[in-house]
Amino acid sequence: MFIQKLRVSIFNLAMSIAKVVDLMNAAIGQHHMQVAYWGYRLADALSLSDDEKLDIFIAGLLHDIGAFSMKERIDLLAFEDTRPGAHAVAGSLILEGFEPFAAIAELIKFHHLPWKNGRGGVQDGVRVPAGSHIIHLADRVAVQISPHAPVLGQVRTICEAVSQQRGAVFVPEHVDALLSMNHREYMWLEATSPHMEAVLKRIVPVSTRELSEQQLVKFAKLICRLIDFKSEFTATHSSGVAAVAVELAGLTGFSKNERRMVEIAGYLHDLGKLAIPSEIIEKAGPLNENERFIMRSHVYYTYETLEPFEVLRPVSRWGALHQERLNGTGYPFGFDSDDLPLGARIMAVADVFTALTEDRPYRKGMDKKHTMAVLQAMSDTGELDAAIVARVSKR
Ligand SMILES: [Fe+2]
Ligand SMILES: [Fe+2]
Ligand SMILES: [Fe+2]
């Protein structure tokens with residue numbers, strides 16, 4: 001299989017992560033994209049450099065990724081946030097080890113810090129970047145906009161609420177920058193557009209920031225950590241699937257390049273779980289019917305998120321098809337053996353194998369003998385590929 005040279009735009013990746021994370025609940029709307037919008041507009045009005053504007057934009061797209069539960073995400077939509085620190089630190093910890101995102105992690109770390117008439121310029125002896133305060137303001141503007149009333153009728157109230165906290169919570173110049181926009185109706189309409197992605201692509205200049213192949217693997221690992229962090233029970237699931245899948249791919253004769261793609265597919269196969277609240281992922285006990293439907297949707301969201309990236313097609317075709325079964329009983333596409341490439345069959349076996357051996361909230365992980373018995377049964381029913389299952393037993 002020919003694999004193109006891997007280069008992926010950071011802008012597009014961050015946008016995709018923002019979208020999937022915001023699928024958690026309809027009330028969240030397009031929060032990450034909205035904050036990125038206001039952050040960019042404010043940074044522009046403050047005449048920051050292009051690099052600073054882009055950092056603020058990407059930080060806006062990712063700022064709440066450290067909030068894993070539905071409750072936390074919904075609580076953060078209240079204008080008067082009470083205990084907002086933990087998710088900001090968690091988000092920055094996840095991102096900071098990845099060099100291209102180091103500055104962005106810094107912005108996210110302090111994105112709820114009040115200005116305190118200047119004292120918020122430093123925290124624990126560290127200078128807080130202005131961009132953090134810009135994202136704070138962008139975030140607090142975004143949460144005040146109600147989708148249930150015309151936005152133009154809300155501008156005055158929002159600007160008044162922000163002005164009342166000028167200095168105490170928000171940097172005065174940042175508030176002034178917002179107030180300079182209060183008569184620009186189009187901005188408020190853009191900020192609430194149902195076509196937000198198109199708006200952002202129109203106003204933010206095309207960025208040349210890209211991840212190289214090596215960086216992409218690191219980024220996939222980072223996202224894998226983010227997915228796995230959602231529950232202590234799945235704390236090593238995606239990295240485990242990647243390791244097993246790479247080994248099986250090696251035994252199946254995949255080339256080095258293809259194995260690298262398999263590795264990325266393993267890290268990202270559950271990407272759609274970013275849309276699933278941790279309340280469901282961590283539930284102690286069997287899921288009810290609705291929760292099962294929500295859980296099942298994650299595979300489709302993995303596919304939807306990855307498929308637009310042409311160079312990542314093997315990842316979406318292998319990783320995102322890990323719940324398909326050769327006899328057509330899988331989901332979300334109901335594909336059968338005619339449609340399922342070898343990579344997808346490997347991922348399916350690696351996923352079942354890894355899941356069975358892990359402890360879950362309601363059961364202990366299985367030993368090798370029982371795991372093999374389940375895999376064998378799934379091969380006998382025509383769900384999993386018999387040749388690949390046979391390779392697992394030889395491990
Ligand atoms: Fe936040
Ligand atoms: Fe937020
Ligand atoms: Fe999985």
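Four donors count as tetrahedral if all angles lie between 85 and 135 degrees, and as square planar if opposite donors are over 155 degrees apart and all others between 65 and 115; anything else is irregular. In this predicted model, the site of the iron ion (ligand 2) is irregular, with angles of 80 to 173° among its four donor atoms. The site of the iron ion (ligand 3) is likewise irregular, its four donor atoms making angles of 83 to 172°.

**Iron ion (ligand 2)**
- Its protein donors are H31 (NE2), H63 (NE2), D64 (OD) and D139 (OD), which lie 2.1 to 2.2 Å from the metal.
- Along the sequence, the donor residues follow the spacing H-x31-H-D-x74-D.
- D64 sits in the loop between α3 (50-62) and α4 (70-75), and D139 in helix α7 (residues 130-144), so this pair ties together parts that are 75 residues apart in sequence.
- Both D64 and D139 are buried.

**Link to the iron ion (ligand 1)**
- D64 also acts as a bridge between the iron ion (ligand 2) and the iron ion (ligand 1).
- The two bridged ions are 3.6 Å apart.

**Iron ion (ligand 3)**
- Coordination comes from H237 (NE2), H269 (NE2), D270 (OD) and D351 (OD), at 2.1 to 2.4 Å.
- The donors of this ion are spaced H-x31-H-D-x80-D in the chain.
- H237 belongs to helix α13 (residues 237-251) and D351 to helix α18 (residues 342-357), so the pair ties together parts that are 114 residues apart in sequence.
- H237 and D351 are both buried.

Key: Residues are numbered from 1 along each chain as its sequence is written. Chains are lettered from A and ligands numbered from 1 in the order in which they are written. This is a predicted model: local features need pLDDT of at least 70, side-chain atom pairs count only at pLDDT 80 or more; totals for chains, interfaces and linings use all residues. Side-chain values use heavy atoms; hydrogens and water are left out. Donors are N, O and S atoms within 2.8 Å of the metal (3.2 Å for Na, K and Ca); water is not among the atoms, so sites may look incomplete. Four donors count as tetrahedral if all angles lie between 85 and 135 degrees; four count as square planar and six as octahedral if opposite donors are over 155 degrees apart and all others between 65 and 115; anything else is irregular. Helices (H or I, at least four residues) and strands (E, at least two) are DSSP runs, numbered from the N terminus. Buried means under 20% relative accessible area, exposed over 50%, partly exposed in between (1.4 Å probe, protein chains only).
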